[in-house]
Amino acid sequence: MPETLNLGQARRIALKAQGLSQQRPTGPASARSVGRCFTRMQLVQIDSVNVLSRSHYLPFFSRLGPYDRALLDRMSQKAPRSMMEFWAHEASFIQPEHFTSLRLWQRRRWVDARGLDPVQREELGEAVLNVLAGSRPLTAAQLTERIGHVEERRKDHWGWNWNAVKVVLEYLFARGDVTSAGRTEQFERRYTVTSKVFPGLMTVPGPEAQAPEVRDQALDLLVEASARAHGIGTVKCLADYFRLPVRPVAEALQRLEASDVVRRVDVDGWGTGLYRHLEVRTPREAGGRALLSPFDPVVFERRRLERLFGFHYRIEIYTPAEKRRFGYYVLPFLLRDTMAARVDLKADRGTSTLVVRGAHAEPDAPADTAQELAQELESMAGWLGLDRVAVTGGGELDRLLSRFL
């Protein structure tokens, strides 16, 4: 018979797996603690929206409190790199040891350059690789100038104004031939040949990599990492973390169960046939507090978030302003084992102010939500280098926040 857990236990397992079940350390975070945090999460999603902070910085603040963002930059930009960009959940920082497995299992059809003439694709690809092999890392614009490629751009990639060089670069990036050596202040990738910064990684798998046993081993590695990062979840949850196909993930979980890595469990109030990672223990209680990025691993899978925490959440960045329910850049507020509130935030760097444009308490929010949220907002403002917090919303939680700030 499968083990049966209640919803509270499942929540605490999930929070423990993500490093959110305990109060954060009081001292400054070290490079080692930032690295451990990344290893626990397995990946961090990248996004260009900067209304508050670049999204990949926020999950580390949620788990470590104020930390030096330069520590994270060094992990991804200075040798020996312990982070690399690749496709995972979406565009993400991943652990380099997952690269080859992801290369075998990722299928990003929209970056395969199929819209280009095959001859043009190969000629441009060869030109790009030749330039990058003998140069410093370059942006797409710099490469276009270096190659001398001129063409009229078309908006046919989700509204992005990509020329053929950029299309080929993304094709080579998805293949693994090129990678990111860092980002500019405008958040443009600086491309380089993968073997330059990650020597020894298999960029384009040979025919032997397509052998069923090799593919199974690669998938097992990713699914084990997903299960460890989740602590507990459904097959679909565990597949979604790295955007893997569901049916092969189910087969991988059966192999991992036979190896005593995961165990099948039922959760009252959630469902049956879930899996928990056996190395993630169940805390007796959860004592953490965190503002969570809209792209935090805990909120990746919206259905899981709703089943675990009773918290219905959608990103409204692309929703017309008059149709938004809660705001443009809304962060869930985790208090102990409850998603207690959601807060629409903006860093107004001109006035050095963290602006709370709207705060909304959940129906089951603990009585100390406003006080705890106020402390968290002050901590975030200091970490972002802002001098004050200003509440501009007019709701009940907004008024309580103003009293505590």
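Modeller: A polar contact is a pair of N or O atoms within 3.5 Å, where, within protein, one must be able to donate a hydrogen and the other to accept it. The model before us is predicted, and Glu170 offers a first case. A polar contact of 2.4 Å joins the side chain of Glu170 to that of Tyr191.

Biologist: With which other side chain does the side chain of Glu170 make a polar contact?

Modeller: The partner is the side chain of Lys166, at 2.9 Å. As for its place in the chain, Glu170 belongs to helix α8, residues 164-175.

Biologist: Does Glu170 count as buried or exposed, and why?

Modeller: The cut-off for buried is under 20% relative accessible area. Glu170 counts as buried because its relative accessibility is 2%.

Biologist: Let us turn to the strands. How many bridges join strand β12 to strand β13?

Modeller: There are 8 bridges between β12 (residues 338-348) and β13 (residues 353-361), and the two strands run antiparallel. One position to look at is Asp348, whose bridge partner in β13 is Thr353. Together β12 and β13 form a hairpin, with 4 residues between them. In that turn, Ser352 has a positive phi of about 55 degrees.

Biologist: Do β13 and strand β14 run parallel or antiparallel?

Modeller: They run parallel, and 4 bridges join β13 to β14, which spans residues 388-391. Val356 stands opposite Val391 of β14. Between these strands the chain passes through helix α14 (residues 369-383), and the resulting β-α-β crossover is right-handed. In general, side chains in a regular strand alternate between the two faces of the sheet.

Biologist: I should also like to read the enclosed spaces. How many cavities of 30 Å³ or more are there?

Modeller: A cavity is a space where the probe fits but cannot get out. The count here comes to 2 cavities of 30 Å³ or more. The largest cavity holds about 120 Å³ of space. Its lining has 15 residues, and Gln18, His230, Pro297, Val298 and Arg304 are the closest to its centre.

Biologist: Which elements each supply at least two residues of the lining of the largest cavity?

Modeller: They are α1, α10 (212-230), α11 (235-240) and α13 (302-309). The largest share, 3 residues, comes from α13. By residue class, this lining divides into 10 nonpolar, 2 polar and 3 charged.

Biologist: Which residues line the second largest cavity?

Modeller: Its lining consists of Pro294, Tyr313, Ile315, Glu316, Ile317, Tyr328, Tyr329 and Val330. The volume of this second largest cavity is about 30 Å³. Its lining comprises 7 nonpolar residues, no polar ones and 1 charged.

Biologist: How does one read a pocket, and what volume has the second largest pocket?

Modeller: A pocket, unlike a cavity, is an open set of points. For the second largest pocket the volume is about 500 Å³. Among its 24 lining residues, Lys16, Gly19, Leu20, Gln22 and Arg40 lie nearest the centre. The elements that give two or more residues to this lining are α1 (7-17), α2 (31-41) and α3 (58-64).

Biologist: From which element does the largest share of the lining of the second largest pocket come?

Modeller: That element is α2, with 5 residues. The lining of the second largest pocket divides into 6 nonpolar, 9 polar and 9 charged residues.

Key:
Residues are numbered from 1 along each chain as its sequence is written. This is a predicted model: local features need pLDDT of at least 70, side-chain atom pairs count only at pLDDT 80 or more; totals for chains, interfaces and linings use all residues. Side-chain values use heavy atoms; hydrogens and water are left out. On a 1 Å grid over the protein atoms alone, a cavity is a set of points where a 1.4 Å probe fits but cannot get out, and a pocket is an open set with protein on both sides within 12 Å along at least five of seven lines; lining residues have an atom within 4 Å of a point. Grid points are joined across faces, edges and corners, and a volume is the space filled by probe spheres set on the points. Ala, Val, Leu, Ile, Met, Phe, Trp, Tyr, Cys and Pro count as nonpolar, Asp, Glu, Lys and Arg as charged, and the others, Gly among them, as polar. Two strands pair if DSSP finds at least two bridges between them. A crossover is right-handed if, with the strands pointing away from the viewer, the path from the first strand over the helix to the second runs clockwise. Buried means under 20% relative accessible area, exposed over 50%, partly exposed in between (1.4 Å probe, protein chains only).
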